Amino acid sequence: MIRDGIQITAADLLRLHKQDLGLGEQDELVLYRTDHDGLGFTHYRYRQYHQGIKVEGGELLVHEQNGFVRTLNGKLVRGLLADIQPGVTQDKALQLALAYAPADRYMWEDESALAMLRRIKKDPGATFYPKPELVLADPSFEQKPGNFQLAWSMEVFAEAPLSKKQVLINAKNGALLGETELLCDNNTPGTAQTKYSGTRAIITDSISPDLYRLVETTRGGGIETYNMKKGTDYDLAVDFTDEDNHWNNVNAAQDEAATDVHWGSEMTFDYYQAVHGYSGIDGNNMPLIGYVHYDNNWSNARWTGDWALFGDGDGTSWKALTALDVVGHEFTHGVTGNNAKLKYQNESGALNESFSDVFGAAIEFWADTAQSDWLVGEDFIANGALRNMADPKAENNPDTYKGDNWATGSSDNGGVHTNSGVQNHWFFLLSDGGSGENDNNDTFSVAGLGIDKAAAIAFRNLRYYLVETSNYADAREGSLLAANDLYGACSTPVLETAKAWYAVGVGAEQIGNDLRMVEILGPTPFECGLADQEFIAVRLRYNGCVGDLVAGDKIPLSYQIDNGDVVWDTLTLNAPLVSGDTIDFTFSVPTTVFTNAGTFQLQCKTGLDTDVDLSNDGVAIQVERYVEQNVDMGLKTVSQPASNCFLAHESPAVDIGFFGCDSIAANEEITLFYSINGAAPVSETVQVPATLYRGESFKHTFSTSSDFSLKGAYSVDAWVQYGPDFLSGNDSLRSFRVINPFPLKAQTELRFEGGDASLDSIFIETRRETVAFISPEAKHTGANGFRITGGDVAKAYTNGEIQLPNTNNVWNINSAFRSKMCLCADLTNMSLAQVRFERRQSYSNQYLSTVGVNLPFFSALRVLANGDPISVTYKPVSYSSDPWFTHYLSLNDYLGSEVEICFQTHTGMNPAFDPSGNGDKVYLDNISIVGQTVAVTDLSESGAEWHVTPNPGSGAFVIAYKATEAQKLHIDVIDTYGRSVRSCNRRSARATIPSR
């Protein structure tokens, strides 16, 4: 909750208050989605990254109204200190994942399924093939910082046997770290029985005057229903057809189940669009595709992440699982997957299942009121139902959080189907009302709001307030926020929402006397000048809806540092507190813990005995106390020499920073050192040029130069020495790399096959938002190519830091998103010269949804020679399906010398920040210098005449030597690098020298 009177945007909140969120210097929040609703809210979803690696389950949701932040919620992992250097390669991790998840056939081997995926995704490059991604994950799902491990995460989708899992491979040792089920199904010990929906109007596709199929395009991206013919091979799936568009296809094969699915899909689309203003699975008209008659005697229904599968049951106790509420259930898994993304495990998985039951019921009540009820699956099961939302215990599910029938252990992904009964019962009570006593012996009475208002609250919660690891407490908090948004603070829907949660054992019954600890005002997370006795200050907010706190009321408060003693104090109110009021308080008992430098955990709590909601009573922050000193000088960077083709004698330059608490005076003397390749250091004593305050720096260029003219890599060490400075951790920079590249010569090629060894032939200049490296992903031929991509362009766009590129401005804007990969070409012995290279480019398809236009110039490339453009600006044509192109560019203007050739790029979005995983990428491979060399005449005798044919050449050569008599000849063949490739003796006669 944002403090009253504070007006701050989401972008400024993250930019200015990252530390207040409990995140460290190596943590980052990356915007990956923005939603706008009809109430004037803008909802931002941020994903947490640590040292550039995605933190599984780390999300922050920020909610703006009228341009300013109103609330924020989510799950952040605080205190991460992770080693992010993998010991297992991406390729090896993929091999291990497939070994851990073996299959007879994987989905990427099915061309029909692949074609369907590409149509659904509107991406011709879409694939089921696993794409390993480095993440930090807690396999226990407890989200404790110490549990997080570096892992390769990927989805493995198998067709036979059917399975789709997120597989986590330990990136250090290759062990299976964990796996999460991604196929959301209607799973029970038995199978299911079909429900006929009576005679219904449907839309079909006329493919000839007397033939129709179950496909329609009037709703969003379409409704499509296919026949799997009791198999699992998508290649063999066919249309359901009818000759007169009167689908009377009741038969022993249960073909009538197909029209249940088709009509149910239509009603699901209509419900979400008409009731919630949400179109399709993803809110952007994603088609609803169902496969009926999946597998033989398969008693199940499943959501795969892209389409739904429906089995026929076992033919005895279960029939086809195609009832209206089950069809709505399966497609709602898709809605959840495109919004909260609730992990299909433990409590988040139970909520995932419950939301599908909730909206399956809501769709049934909306579309088929006469046959609607609170049972799930009763239509296709011979005896009973899968679940009973009005009475979960009737089907052995819990109606109270962690009460009777609550499932523990790992089976059923942590009880996702069983424990869904808790929110199912909450939704029933919020809709219809009820009273009684729960398993906690709490007596409850809920009046009920009707299913329309209950569904509005549930949908807003799912859409805007939950994240992938949300639990039942989060679901309660999110639903209260949703009810507050829709109906107002302390409104009847808000109060009834709380009562319904209390009835199922989650949270307090009343929103009264709720005192919330909002924030710790002091000390701040990073402090220099803490006193020996430091006073703790906090801010509280009263959120009660029943009564006010009056003058004279006493509020107990406490603080605790690390695991020390709990210190209590009392706030006595001088005036009443009404709902929404805030009040500040400073503890009268100071702490002496902050006397020494270090990092401390500070936790503050309110202990009001009448507080009905204890979940928001505490706030904790990490306080880092710096040593109070003004002597910390550190080396920030080696700013020159920079790698280039024309290095000679160069004078290194360094940037020196001040990291003390206040300032260091001008004219203080410090000594600077540098060493090249471990040689004896060069030292110079300089004076601080002006008073420096914390974080400021100055540059010094050494007067003593060093020789960088030889081709190859140089390692530069630099350090600073300041007598009083006892904090040495930031004094030195080691192994700063400077490249004087080995040049490419005629007929040679840079193929990057040497891996990192190839870096001696190139140098790379990247900016803050670009990444460039040798990668197998970028290969055209061989094992490796060169890959350049961008950074967090969405964040920069949100912060107003970028301009949108086009053909006229791309090289004049967004400098943080530009980079260069450069090499040297030796043209000293050439009469004609070209640079040949192969390129492939792709750009993100997210620009269309975020800014409304495609932006291929966010993946731009051009070629420079000695800084001047020698090419047009290349850009991709499609998101991901562009072919490789080969180019030849003339270098004839630079003959007779060395020339610096740079491939300059402008790349916006890194695949890590792109929801589709594409990103803006430039690939380069097989760079070479081609052309014609100047014939070299080396006369061993005055007046001798030599002729070499062909020249230049790469196979057999003929050497003609004019002489007056026969004689012995010694011949050396030298390549363009100056290396001897053949040496031989011949008698003067016509002879060939074979190449070697």
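This tour moves through a sheet, two helix packings and a salt bridge.

The model is predicted, so to speak of local features a pLDDT of at least 70 is needed, side-chain atom pairs count only at pLDDT 80 or more, and totals for chains, interfaces and linings use all residues. Residues are numbered from 1 along each chain as its sequence is written, and side-chain values use heavy atoms, with hydrogens and water left out.

**The sheet**

Select residues 633-640, which are strand S32, and residues 697-701, which are strand S39; these are the edge strands, each pairing on one side only. Add residues 653-658, strand S34. The 3 strands form an open, antiparallel sheet in the order S32-S34-S39. Strands here are DSSP E runs of at least two residues, helices are H or I runs of at least four, and both are numbered from the N terminus; two strands pair if DSSP finds at least two bridges between them. Between S34 and S39 there are 5 bridges. To see one facing pair, select Asp 655, which stands opposite Lys 699 in S39.

**Helix H8 against H11**

Next, select residues 421-432 (H8) and 492-503 (H11), whose axes come within 9 Å and cross at roughly 140°. H8 is therefore oblique to H11; angles under 35 degrees count as roughly parallel, over 145 as roughly antiparallel, 65 to 115 as roughly perpendicular and the rest as oblique. Axes are lines fitted to C-alpha atoms, for helices over the stretch in contact, and angles run from 0 to 180 degrees between N-to-C directions.

Show the side chains at the contact (heavy atoms within 4.5 Å). Gln 423, Trp 426, Leu 429 and Leu 430 of H8 meet Glu 496, Thr 497, Ala 500, Trp 501 and Ala 503 of H11.

**Helix H6 against H8**

Keep H8 and add residues 346-367, helix H6: the two pack at an angle of about 35°, their axes 8 Å apart. From H6, Leu 351, Ser 354, Phe 355, Asp 357 and Val 358 meet Gln 423, Asn 424 and Phe 427 of H8.

**A salt bridge**

Finally, select Glu 28 and Lys 18, which form a salt bridge with their closest N and O atoms 3.9 Å apart. The term requires a side-chain nitrogen of Lys or Arg within 4 Å of a carboxyl oxygen of Asp or Glu. Glu 28 lies in strand S1 (residues 27-36) and Lys 18 in the loop between helix H1 (10-16) and S1, so the pair ties together parts 10 residues apart in sequence. A search of the whole structure finds 43 salt bridges.
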